Amino acid sequence: MKLFARCIAQQPNGTVPAGGGGDPNASALAAYHDAFLGEISVLVSDPSLVRRVLDVAGDDISAMPVNARAVLRREARSDEGLSAEETAALPASQRSEVSAVQQSRRAKSGITSRLVDLEDDNLEQKPLRSSFELAPVPPGNYPRVGHVPRRQIDVLRDKETAEHIQAMYVEADFENIVKYGSSAAALLCECAQEEPPFDKLADTTNHWTWKWALSCLATGTGDEAFLKWAVADVQSVRELSNATPFRIGTLLSLAIATVALGRAPTFWDEPPYRDAIRTYPRIERSPVTSVLSLRLRVLANYWDNANSPNDLESYELRPDIVRLVALLSPTTNFGGSMLGSPSSVVKLPEELLRRLEEFQRAPPLSSDLKMLDQVNDSIFFYASRQNSRSWQPQLLSRPVLGSILRGRSPEIYDPVRAALGDAMAVDASSFVAAVAEVSEFAPFWPTDCMSDLFQNGRSLREDDYLLARLVIFIDQAGLTSEMFSALARYGKFGRRFQAVAKLVQAYDHLLLAPYRDGGLFPFTHSTDEPFSGNVMS
């Protein structure tokens, strides 16, 4: 076959001889010939031709120029099988798609890049041990009628948008997420409907819209012009009678807008948002079984404080969404161990209490913490507005209620891990010291997350494996903010660390502010100012 290819290349004027080689069709032979000359425009413009050229080429692909080899091997091996050289040789549109898939796979396996500052003070960065750089890409190809998508669900479920935002999110590239996601957010505005279909998504806090909103929050660039995804619709009485009584989709779109802005949007009191908020008290009486339901409980305070969920007489929470280790810590404002006097206020399942006591006596491995999440019974406590129904049992204070409802934050694990990875790569000794300091705040610390394990000398994969366990535990212990504060005191880290620290700070403020004595006020920060280190909640 290689001899046949050389013969083709020697034909006058680059013509392709008819027949031979099993008589493949002329277009496949011509494209095969062009591939050996590094000409791939026909292959790029006609994907159906790639498979036919593969059949002709066989093992000859390895002798082709890298750009042709990359296009053909992408079809033969899938995006994940391309080398870094082959990925870089692809046309820009294909390269961005492959990069997104590869980065998503890296994220799932627990590997992120490392960014290290240059010596100047401009906080410019260079990649350390990074496999590739994501290229800018246009928004996804949405089904359209004219210039408007048919349905919001087409935008929300667009795979390309989700993959690109996830690829940037694991690298904490918030600025580019905002730019890229704003195009899709604008499309959601263009095809706004009375009930945005967020209730049809598996988990909104893990959806690209929430990650885009968190990126807006981190950069302080939330814009209401991109967030009004619901619109009042004049319906007949018959249609209204058949409509869902609980406007979950509208509430979730309002939650995303609140996260993106760091405050309630000005349109929260307009229909259909106002109507959705009125249905919420009937929903909130059910047990809290997901991080998303925790977020709704808290964010509802921003929309209608007069009818906030804090009028509930009792709360019932599933253990695996609560920062369980934080319940034992004096830093949660209980004034002492959760196993002491406050146990008459917050009812923890007996099995959960027993496990926590065991871990205090003998620190566990991080994998053993899963046993806490596997407890079937719920956490139960009373909480209410001050001076309401004095006959109720002892009530939690507002700050303690907020600390419990803050819950875990798996939605920010990826950028937190990237930022901590940078800190460890820049100054391992400071990172070790910070872990040792923060560990003093916890009632116990996993033996496989001890500070001395974070010394230099391991592979990137081993580092990220340790970091993944550390990120989960400090979240359970309510110490993510404290970790960033400690690191900020020990050294100066780069732009990505600063950006993630601001996200942690802003997200904590958003979710804790409704339960502080000062009441609600918007969180603001300048994106030009470095992280102050003051993220203690």
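1. Overall make-up. The chain holds 23 helices and seven strands. The model is a predicted one. Of the chain's 537 residues, 52% count as buried. The surface exposed by the chain is about 23,900 Å². Carbon and sulfur atoms supply 50% of that area.

2. Contacts along the chain. Take the contacts between residues at least 6 apart in sequence. Among these, 72% join residues at least 24 apart.

3. The largest nonpolar core. This core has 118 residues. Trp303, Leu420, Phe431, Trp445 and Leu470 touch the most other members. Trp303 makes a good starting point for a look inside. Residues up to four places away in sequence are set aside here. Trp303 then touches Leu251, Leu254, Ala255 and Thr258. Trp303 also touches Ala264, Trp268, Ile277 and Leu296.

4. A second core. Separate from the largest core is another of 22 residues. Its members include Ala31, Tyr32, Val50 and Met64.

5. Helix H2 and Ala31. Helix H2 spans residues 26-36. Its buried residues include Ala28, Leu29, Ala31, Tyr32, His33 and Ala35. Ala31 has a relative accessible area of 4%, under the 20% cut-off, so Ala31 counts as buried. Leaving aside neighbours within four places in sequence, Ala31 is in contact with Leu43, Leu49 and Val53. The C-alpha atoms of Ala31 and Leu43 are 6.9 Å apart, with their positions twelve residues apart in sequence counted as separation. Just after H2 comes Gly38, with a positive phi of about 80 degrees.

6. Helix H13. This helix covers residues 248-261. H13 has 14 residues and reaches 20 Å from its first C-alpha to its last. That is close to the 20 Å expected at 1.5 Å a residue. Why is H13 described as largely enclosed by the rest of the structure? Because 13 of its 14 residues are buried. Gly262 follows H13, and its phi is positive, near 75 degrees.

7. Salt bridges in total. The count comes to 16 salt bridges. Three residues, Glu171, Asp422 and Arg496, are linked in a network of such bridges. The next three points take single pairs.

8. Arg151 and Asp154. Their side chains meet in a salt bridge, 3.1 Å from N to O. The two partners differ in cover. Arg151 is partly exposed, at 48% relative accessibility. Asp154 is buried, with a relative accessible area of 15%.

9. Glu270 and Lys228. The closest N and O atoms of this salt bridge are 2.6 Å apart. Glu270 lies in the loop between helix H13 and helix H14. Lys228 lies in the loop between helix H11 and helix H12. The pair therefore ties together parts that are 42 residues apart in sequence. Glu270 is partly exposed, with a relative accessible area of 32%. Lys228 is also partly exposed, at 35%.

10. Arg295 and Glu411. Here the side chains meet in a salt bridge of 2.9 Å, N to O. Arg295 sits in helix H15, residues 291-303. Glu411 sits in the loop between helix H18 and helix H19. This bridge therefore ties together parts that are 116 residues apart in sequence. Arg295 and Glu411 are both buried.

11. Tyr280. This residue lies in helix H14, which runs over residues 273-283. Tyr280 is buried, with a relative accessible area of 6%. Tyr280 and Arg297 are 17 residues apart in sequence. In space their C-alpha atoms are 9.4 Å apart.

12. Cysteines. How many disulfides does the structure hold? The number is zero. Cys189 shows the reason for its own part. The closest cysteine sulfur to that of Cys189 is in Cys191, at 8.6 Å, which is too far for a bond. A disulfide needs the two sulfur atoms within 2.5 Å. Cys216 is buried, with a relative accessible area of 1%.

Methods. Residues are numbered from 1 along each chain as its sequence is written. This is a predicted model: local features need pLDDT of at least 70, side-chain atom pairs count only at pLDDT 80 or more; totals for chains, interfaces and linings use all residues. Side-chain values use heavy atoms; hydrogens and water are left out. A salt bridge is a side-chain nitrogen of Lys or Arg within 4 Å of a carboxyl oxygen of Asp or Glu. Buried means under 20% relative accessible area, exposed over 50%, partly exposed in between (1.4 Å probe, protein chains only). Helices (H or I, at least four residues) and strands (E, at least two) are DSSP runs, numbered from the N terminus. The expected span of a helix is 1.5 Å times one less than its number of residues. A nonpolar core is a set of buried Ala, Val, Leu, Ile, Met, Phe, Trp, Tyr and Cys residues joined through side-chain atoms within 4.5 Å. Contact means heavy atoms within 4.5 Å. Accessible areas come from the Shrake-Rupley method with a 1.4 Å probe; for residues, only the protein chains shown count as cover.
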